[in-house]
Amino acid sequence: MAGTKKEVIVVGAGPAGLVAAICLNREGLNVVLHERQARVGGEPGWHPSVHGTPVDDPGLWDYIGIDCSEAFAEISLQDNVYVDGKPAGGMDLLMGKSTEGESGLRIWNTERGHRATSLDSFLFRIAENEGVNFEFNSFFKEDDIRNAPPGTILATGLSPGIYKWLGMDWTVMSGYWAYSEIESDEVTAAAYLGGFTNEYGYTASMNGVWYVLLFARKEVSPENLETFKRILEECEGRTFDEWKTFAGQAPKEPRLYYRQLILAGTMGGFVEPAFSFGITGAMLSGRISAMAVTNPEKAEREFKRFTGGIPAHMARKRKPGYAPTFKMGDVWFDIA
Ligand SMILES: Cc1cc2nc3c(=O)[nH]c(=O)nc-3n(C[C@H](O)[C@H](O)[C@H](O)COP(=O)(O)OP(=O)(O)OC[C@H]3O[C@@H](n4cnc5c(N)ncnc54)[C@H](O)[C@@H]3O)c2cc1C
């Protein structure tokens with residue numbers, strides 16, 4: 001019908017889907033965002049949480065056209081890395097440098113989940129105010145995804161099942177997490193490396209949420225979880241009665257298109273390989289997936305610019321003796 005706005009479907013209201021929806025709505029398209037949960041805030045199986053992430057500030061906000069700095073709090077890089085429970089320096093250490101600021105590395109915390117103070121809620125408020133249409137309790141299953149119109153943006157994160165439905169290779173991300181609400185609004189973060197995991201553990205707090213996660217490729221053994229718990233108690237004086245497991249799936253390599261779909265966020269493989277930082281990548285790729293609707297050639301160039309180094313780093317990660325480091329040589333989401 002003449003005058004009817006073109007409709008675009010976005011599936012998944014995490015940071016990638018929300019940024020994509022806001023960008024496309026601003027381009028004058030009619031955006032319908034489908035989310036399987038009853039509200040924003042993602043998978044209740046592992047949120048509320050606090051994520052730490054490097055951010056190119058203000059480059060990232062300029063790139064996506066949304067200033068999200070209000071939802072982020074910068075952390076100190078000093079004295080917050082532990083190796084086998086022993087203090088090993090600050091996070092600059094992971095860049096191969098030891099002096100704060102020397103590497104230019106800056107790291108922020110952001111809250112995830114359904115609470116009003118989360119990044120998800122921050123982006124949702126913008127999207128809703130600007131006129132994005134939301135369909136909650138709308139779970140896209142195999143047939144819905146297969147039959148989705150060309151140009152549908154799939155931003156379903158680590159949710160298991162979808163890769164199998166699509167016939168895409170996947171890798172497993174799993175681990176244990178615990179969470180508590182605390183009195184303090186302190187912003188803290190610490191990284192834990194050592195023999196108890198082939199990935200790492202971290203703690204992070206802000207907005208009165210204290211979160212701890214032990215990541216692993218494949219599974220975490222009960223012995224390794226016990227070691228991590230002991231280290232946490234020694235280093236931060238915290239214990240938890242309840243630890244929950246999580247297991248998600250992620251693609252083996254970055255990809256902007258698959259069949260008739262545009263992939264965004266975790267689905268697009270936009271995850272920094274060393275520490276699985278995905279927040280910056282999710283927001284960047286939300287912008288790029290929107291570009292894929294309006295300017296596909298530019299979107300492909302931008303996609304390659306940011307993800308080109310990921311496969312080589314993933315290969316390095318599989319070699320014996322690999323230890324996580326921010327210094328990956330060729331993968332970081334610097335905007336400039
Ligand atoms: C436990 C954990 C800790 C992490 N810690 C960090 C960290 O410290 N720093 C960092 O940078 N990154 C971290 N990450 C990675 C980061 O969370 C992801 O990279 C980021 O959330 C990706 O955003 P996304 O929008 O692609 O997906 P998500 O945020 O996962 O959002 C996907 C959305 O899609 C919805 N959905 C899923 N399937 C369907 C369907 N079939 N139909 C409709 N809706 C659907 C989900 O409910 C969800 O709302 C962590 C991830 C996990 C799981």
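Which helices and strands each supply at least two residues of the shell around the ligand? In this predicted model, they are α1 (15–26), β3 (49–54), β13 (209–217) and α7.

**View 1. The open sheet and its strand order.** Six strands make up the sheet, in the order β8-β2-β1-β9-β16-β15, with mixed pairing. The edges are held by β8 (133–135) and β15 (257–258); each has a single partner strand, so one side of each is left without a neighbour in the sheet.

**View 2. The pairing of β2 with β8.** Strand β2, residues 30–34, runs parallel to β8, and three bridges join the two. Opposite E135 of β8 stands H34.

**View 3. Helix α7 on the sheet.** Residues 279–294 form α7, which lies across β1 (7–11), β9 (152–154), β15 and β16 (261–263). The angle between α7 and β16 is about 150°. Helix α7 also supplies at least two residues of the shell around the ligand.

**View 4. Polar atoms around the ligand.** E35 places a polar side-chain atom 2.6 Å from an oxygen atom of the ligand. For R112, a polar side-chain atom is 2.8 Å from a ligand oxygen atom. At G52 the atom concerned is a polar backbone atom, 2.6 Å from a nitrogen atom of the ligand. The protein covers 96% of the 1,000 Å² of accessible area that the ligand has on its own.

**View 5. The shell around the ligand.** There are 36 residues around the ligand, and E35, H51, G52, R112 and G278 come nearest. By class, the shell holds 17 nonpolar, 16 polar and three charged residues.

Key
Residues are numbered from 1 along each chain as its sequence is written. This is a predicted model: local features need pLDDT of at least 70, side-chain atom pairs count only at pLDDT 80 or more; totals for chains, interfaces and linings use all residues. Side-chain values use heavy atoms; hydrogens and water are left out. Two strands pair if DSSP finds at least two bridges between them. Helices (H or I, at least four residues) and strands (E, at least two) are DSSP runs, numbered from the N terminus. Contact means heavy atoms within 4.5 Å. Axes are lines fitted to C-alpha atoms, for helices over the stretch in contact, and angles run from 0 to 180 degrees between N-to-C directions. A residue is near a molecule or strand if one of its heavy atoms lies within 4 Å of it. A polar contact is a pair of N or O atoms within 3.5 Å; within protein, one must be able to donate a hydrogen and the other to accept it, and residues adjacent in sequence count only if both atoms are side-chain atoms. Accessible areas come from the Shrake-Rupley method with a 1.4 Å probe; for residues, only the protein chains shown count as cover. Ala, Val, Leu, Ile, Met, Phe, Trp, Tyr, Cys and Pro count as nonpolar, Asp, Glu, Lys and Arg as charged, and the others, Gly among them, as polar.
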